[in-house]
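Reader: I have a structure open and would like to learn how to read it. Can we go feature by feature?

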Amino acid sequence: MQEINSTDFEQEVLQSDKVILDFYSTECPPCEALASKFEDLSNLYGKDIKFLKIFRQKNRDLAEKLAVKSSPTLLFFKNGREVADRLTGGIKRSDIIRNLDSMLPEEKVAQIKSKIRPSVSEYDVIILGAGPGGLTAGLYLCQAKVNTVLIDISLPGGHVSTTHEVSNYPGFIEPQAGYMLSHNMSEQTKLCGTVYKVAVDITRVDLDKKEVVIDEYETVRAKKIVIATGTTPNLTGAPGEKELKGKGISYCATCDGKYMDGKDVVVIGGGNSAVEESEYLTRFANKLTIVHQFDKLTANKQAQDKVFNNPKISLLFDTEPRTFIKEGEKIVAEIENLKTNIRQKLTCDGVFIFIGMKPNIDLFRDKLELDKWGYIKTDEDMRTSISGVFAVGDVISKKYRQITTAVADGTIAAMAIAKELD
Ligand SMILES: Cc1cc2nc3c(=O)[nH]c(=O)nc-3n(C[C@H](O)[C@H](O)[C@H](O)COP(=O)(O)OP(=O)(O)OC[C@H]3O[C@@H](n4cnc5c(N)ncnc54)[C@H](O)[C@@H]3O)c2cc1C
């Protein structure tokens, strides 16, 4: 692996056979997360593909010329021409391998793969998921001198890192940018000494053996496991939804309702969450339209009555969203009546989608005792039905899912584990 400057670009990149080039920055957590993967892969592929690094801040002109807009960004070159997809953000080992393999003949790829040696590492505790619950468990365990590894399929932070502003986390007078709050939580846990393995693929989880295999070849073992994998909101799948998440489309009324003072809001959904959250949102919103795919609400009668008696709320039944577009500060939701197929546009200040959340438990669904909604059942110390396996945060069966409650769960699990390991 070699470090270059922009003056070397012509010779080292454009005049070389095959190159992977890493634009990195300092004080960049995703760059730190990439560094060990990059080095490891350079040992595997380095004879066939040149591994180069370039410091983006010092080589801004070249970065701009190549339209590199964030760190880290990986670029792939073959015979002086850029090939394969650019990779940026929380870059996974498997994505780099896919691009590297696409630059080599099949026999060469097979030869390289045969050199991969599986590795095994041992810890006291594995935490799966580095959102507020997992990060807090990591912090408490680390401070109790328990050897802990945090594993996440993305970069640390969980939902908080994509939340626009957080104003209900105690200790801050002003609302905090979600990414800063999660960054601070993550740095605090990392600086304490917790080992991070982030932006990895989870190949297999064996809760009985307390064993997690990541990126196919790396086995991580421990005495205890904490599951802190959170939830994923169900999406409508309408074009524009993913792009506008956190930029006008929200999945949390407690979190973003207060920014809707005097505004017009559209709510998608008709179950208990949609109806109860709509009622809550009218504390702020001037006007609220519920868009629901069925011909009646599916929420309980009491909640429905509140909505029907609320003059700020109107309902559109048999209707589904088709697209979401940002027009200036407004969101335009195009909706379609499923009976007449007539489409219309609703212009509003914010869209809230409440069509359910799903706990992230696919890797261990069959193993644990779950509640009827699929959330993990725990006791008051966060123990699950499997000995030595704990669960914390949004993924567990409970009534309120907030940062503070996830943090509290993480604290309790860590203290219980530290005591057991003593
Ligand atoms: C849009 C939005 C805004 C919100 N705003 C607020 C707010 O303002 N205030 C507030 O208190 N609460 C807010 N919440 C709720 C709050 O974010 C959650 O309650 C909190 O983040 C839960 O923390 P957690 O650690 O349990 O899970 P998460 O934050 O969901 O973190 C889970 C982590 O696990 C990782 N993961 C998932 N699957 C796996 C796997 N198989 N293996 C390893 N890792 C995995 C994920 O990548 C993620 O990093 C908001 C939620 C949303 C969706």
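Reader: Which cysteine forms a disulfide with Cys142?

Author: A word on the source: this model is predicted. To find a disulfide, look for two cysteine sulfur atoms within 2.5 Å. Here Cys142 and Cys192 form one, with their sulfur atoms 2.0 Å apart. The link is left-handed, with -105° about the S-S bond. It connects distant parts of the chain: Cys142 is in helix H6 (residues 132-143), and Cys192 is in helix H7 (residues 178-192), 50 residues apart.

Reader: Is Cys142 buried or exposed?

Author: Look at relative accessible area; under 20% means buried. Cys142 has 11%, so it counts as buried. Its partner Cys192 has 29% and is partly exposed.

Reader: How many disulfides are there in total?

Author: The count comes to 2 disulfides. Cys28 and Cys31 are also joined, S to S 2.1 Å. The torsion about their S-S bond is about 75°, so this disulfide is right-handed. Cys28 and Cys31 are both buried.

Reader: Why is Cys348 too far for a bond?

Author: Check the distance to the closest cysteine sulfur. For Cys348 that sulfur belongs to Cys252, and it is 17 Å away, so a bond is ruled out. Cys348 is buried, with a relative accessible area of 1%.

Reader: Now sheets. What is the strand order in the open sheet of 4 strands?

Author: Read a sheet from one side to the other, strand by strand. The order here is E6-E14-E13-E12, and the pairing is mixed. Strand E6 (119-122) and strand E12 (202-206) stand at the edges. Each has a single partner strand, so one side of each lacks a neighbour in the sheet. From one strand to the next, the twist averages 15°.

Reader: How many bridges join E12 to E13?

Author: There are 4 bridges, and the two strands run antiparallel. Val205 stands opposite Val212 in E13. The hairpin of E12 and E13 has 4 residues between the strands. In that hairpin, Lys210 takes a positive phi near 60°.

Reader: In which sense do E13 and E14 pair?

Author: E13 and strand E14 (residues 218-221) pair in the antiparallel sense, over 4 bridges. One pair to find is Ile214 and its bridge partner in E14, Glu218.

Reader: Which residues does Glu211 touch?

Author: Start with where the residue sits. Glu211 lies in strand E13 (residues 211-214). Leaving out residues up to four places away in sequence, Glu211 touches Arg204, Val205, Asp206, Thr219, Val220, Arg221 and Ile225. Glu211 is buried, with a relative accessible area of 10%.

Reader: What about rings? How many aromatic pairs are there?

Author: The count comes to 6 aromatic pairs. One of them is Tyr280 and Phe284. Their ring centres are 5.5 Å apart and their planes stand at 75°, so the pair is edge-to-face. Tyr280 counts as partly exposed at 22% relative accessibility, while Phe284 is buried at 18%.

Reader: Over which ring does the charged end of Arg401 sit?

Author: Find the charged end, then the ring beneath it. The charged end of Arg401 sits over the ring of Tyr375, 3.9 Å from its centre. Lys190 has its charged end over the ring of Tyr196, 5.5 Å from the ring centre.

How values were computed
Residues numbered from 1 in each chain as written. Predicted model: local features only at pLDDT ≥ 70, side-chain atom pairs only at ≥ 80, totals over all residues. Heavy atoms only, no water. Buried < 20%, exposed > 50% of the residue type's maximum accessible area, 1.4 Å probe, protein only. Contact = heavy atoms within 4.5 Å. Phe/Tyr/Trp six-rings, centres within 6.5 Å; stacked < 30°, edge-to-face > 60°. Lys NZ or Arg CZ within 6 Å of the ring centre and 35° of its normal. Pairing = 2+ DSSP bridges. Axes fitted to C-alpha atoms, helices over the stretch in contact; angles between N-to-C directions.
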